[in-house]
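The exercises that follow ask you to work through the surroundings of bound molecules and of an enclosed space. Try each task on the structure before reading its solution.

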Amino acid sequence: MRIAVVPGDGIGGEVVPAVLPALSLLSDHFRLGLSFETFDWGAERWLAEGVGLPSGALDMLASDYGAVLLGALGDPRIPDMAHGRDILLGLRRGLDLYVNYRPFTPAGSDRAVALFRENTQGLYAGVGGTVAQGGRPAVAIDECVYTRETVERFLRYCLRTLSDSGRKRVTLVHKSNAVPHTGRLWQEVFRAELDRHPGLVGSDEYVDSFCYHLVRDSSPYEGIVASNLFGDIVSDIGAALMGGLGLAASASICPETGYALFEPVHGSAPDIAGRGIANPYATATAAALMLDHLGHHSAAVPLRRALASAARSDAATPDMGGHGTTATFIGEVMACLEKDLSDESTVSHG
Ligand code: NAD
Ligand code: IPM
Ligand code: MN
């Protein structure tokens, strides 16, 4: 199976290449037959050629590649992020990856909270416009658009997945007091879909007080479902509860086709790009999510074990409390992985 690799901009170009040797090692060891092809979509190409997501890219990915591993997009030279929307939102929408799964495990907890973000519509639907006067925006509109079909297919998948994972509680995050139309649609579909899962207890919270409660005490939350923008914001809070954006991973999935894109939650981090200290942990756990998704659970387990062990070492990057760099952390991950895999062969063959 071929994996399309899109490092993108800034630290995307540091954390993605850092993770590939671990994936290759696991692919060789477990005979997964994964191969990786890197694409240069990002700010440089946009500035040089005006090309974001090249034409034909979506069809090529869908027919020739099993999944996409992405770093981040974002470049100070393109302040309106036009290339990022073209590439990143183009991939998410173009491949109909309507479920964005962003699990986070709060520090001190041993249980991941399953956050699901709708990934194609809402305020990201691309409906809006600007009326200019004297070369300046005088009227600006971004519409929040949700169709019943989108909300239904999203919530149906989320509740089924939460139920299958043995979770008991699910919270809908909304703002129906101020934004009533889409809010009501979400609440109504949520209640209807909950009726299909008697084992799940559903509640809904306004996004503002939800964020307040989550930050103060995340322990009551097991599953969270949210619209596109609210899910985006809550996923950064989830990352903060884990210990930082360097740790949080994300999978964008189309349940019908099984197609998926894996990436860290964080962006291109221009403030630390080029210094060699970006944490590749989030990208590596996104890679572990990819291995799980492709059915290679036996390879994801040692990768997570190696990451956990390296994260506790002094080789860890500064955001994890270490004194290391991207390279020393990954060096430690590779050493843990090699030891783990050779112990495993000793146990199974010896
Ligand atoms: P960011 O996520 O890039 O960075 C926020 C903060 O977290 C920064 O202080 C950064 O140094 C730190 N950080 C992020 N990832 C880290 C890592 N792996 N290791 C250590 N520290 C890390 O958010 P931002 O600064 O608001 O955005 C920068 C650019 O990235 C913008 O252009 C934005 O649009 C874009 N962005 C892209 C994505 C994406 O591609 N999915 C996500 C978020 C932001
Ligand atoms: C993310 C990012 C993107 C989003 C931006 C860069 C368009 O913040 O992946 O969380 O809003 O989805
Ligand atoms: Mn975000």
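**Exercise 1: the shell of ligand 1**

Task: in this predicted model, find how many residues surround ligand 1 and which are the closest.

Solution. Counting the surrounding residues gives 20, and the closest of them are Leu73, Gly267, Ala269, Asp271 and Asn279. Sorting the shell by class then yields 11 nonpolar, six polar and three charged residues.

**Exercise 2: polar atoms facing ligand 1**

Task: identify what lies opposite the oxygen and nitrogen atoms of ligand 1, taking N or O pairs within 3.5 Å as polar contacts.

Solution. Begin with the backbone, where an N or O atom of Leu73 lies 2.9 Å from an oxygen atom of the ligand. Turn next to the side chains: a polar atom of His266 is placed 3.2 Å from a nitrogen atom of ligand 1, and a polar side-chain atom of Glu263 lies 3.4 Å from a nitrogen atom of ligand 1. As a last step, consider the surface: on its own ligand 1 has 800 Å² of accessible area, of which the protein covers 68%.

**Exercise 3: the site of ligand 2**

Task: list the residues around ligand 2, and state which domains supply them.

Solution. The list reads Met81, Arg92, Arg102, Arg117, Tyr124, Asp232 and Val265. By class, this shell divides into three nonpolar and four charged residues, with no polar ones. Both domain 1 (1–99 + 249–350) and domain 2 (103–247) contribute, each giving at least three residues to the shell. As for its location, ligand 2 sits in the second largest pocket.

The polar contacts can now be taken one at a time. An oxygen atom of ligand 2 is 2.5 Å from a side-chain N or O atom of Tyr124, and an oxygen atom of the ligand is 2.8 Å from a side-chain N or O atom of Asp232. For Arg102, a polar side-chain atom lies 2.9 Å from an oxygen atom of ligand 2. To finish, ligand 2 taken alone exposes 320 Å², and the protein buries 76% of that.

**Exercise 4: the enclosed space**

Task: determine how many cavities of 30 Å³ or more the structure holds, and which residues line the largest cavity.

Solution. The search returns one cavity of 30 Å³ or more, and the largest cavity contains about 50 Å³ of space. Its lining consists of Leu89, Arg92, Arg93, Arg117, Asn119, Thr120, Tyr124 and Asn228. Comparing this lining with the earlier list shows that Arg92, Arg117 and Tyr124 appear in both, lining the cavity and also belonging to the residues around ligand 2.

Note on methods: Residues are numbered from 1 along each chain as its sequence is written. Chains are lettered from A and ligands numbered from 1 in the order in which they are written. This is a predicted model: local features need pLDDT of at least 70, side-chain atom pairs count only at pLDDT 80 or more; totals for chains, interfaces and linings use all residues. Side-chain values use heavy atoms; hydrogens and water are left out. A residue is near a molecule or strand if one of its heavy atoms lies within 4 Å of it. A polar contact is a pair of N or O atoms within 3.5 Å; within protein, one must be able to donate a hydrogen and the other to accept it, and residues adjacent in sequence count only if both atoms are side-chain atoms. Accessible areas come from the Shrake-Rupley method with a 1.4 Å probe; for residues, only the protein chains shown count as cover. Ala, Val, Leu, Ile, Met, Phe, Trp, Tyr, Cys and Pro count as nonpolar, Asp, Glu, Lys and Arg as charged, and the others, Gly among them, as polar. On a 1 Å grid over the protein atoms alone, a cavity is a set of points where a 1.4 Å probe fits but cannot get out, and a pocket is an open set with protein on both sides within 12 Å along at least five of seven lines; lining residues have an atom within 4 Å of a point. A molecule sits in a cavity or pocket if more than half of its atoms lie within 2 Å of its grid points. Domain bounds come from an automatic or database domain assignment. Grid points are joined across faces, edges and corners, and a volume is the space filled by probe spheres set on the points.
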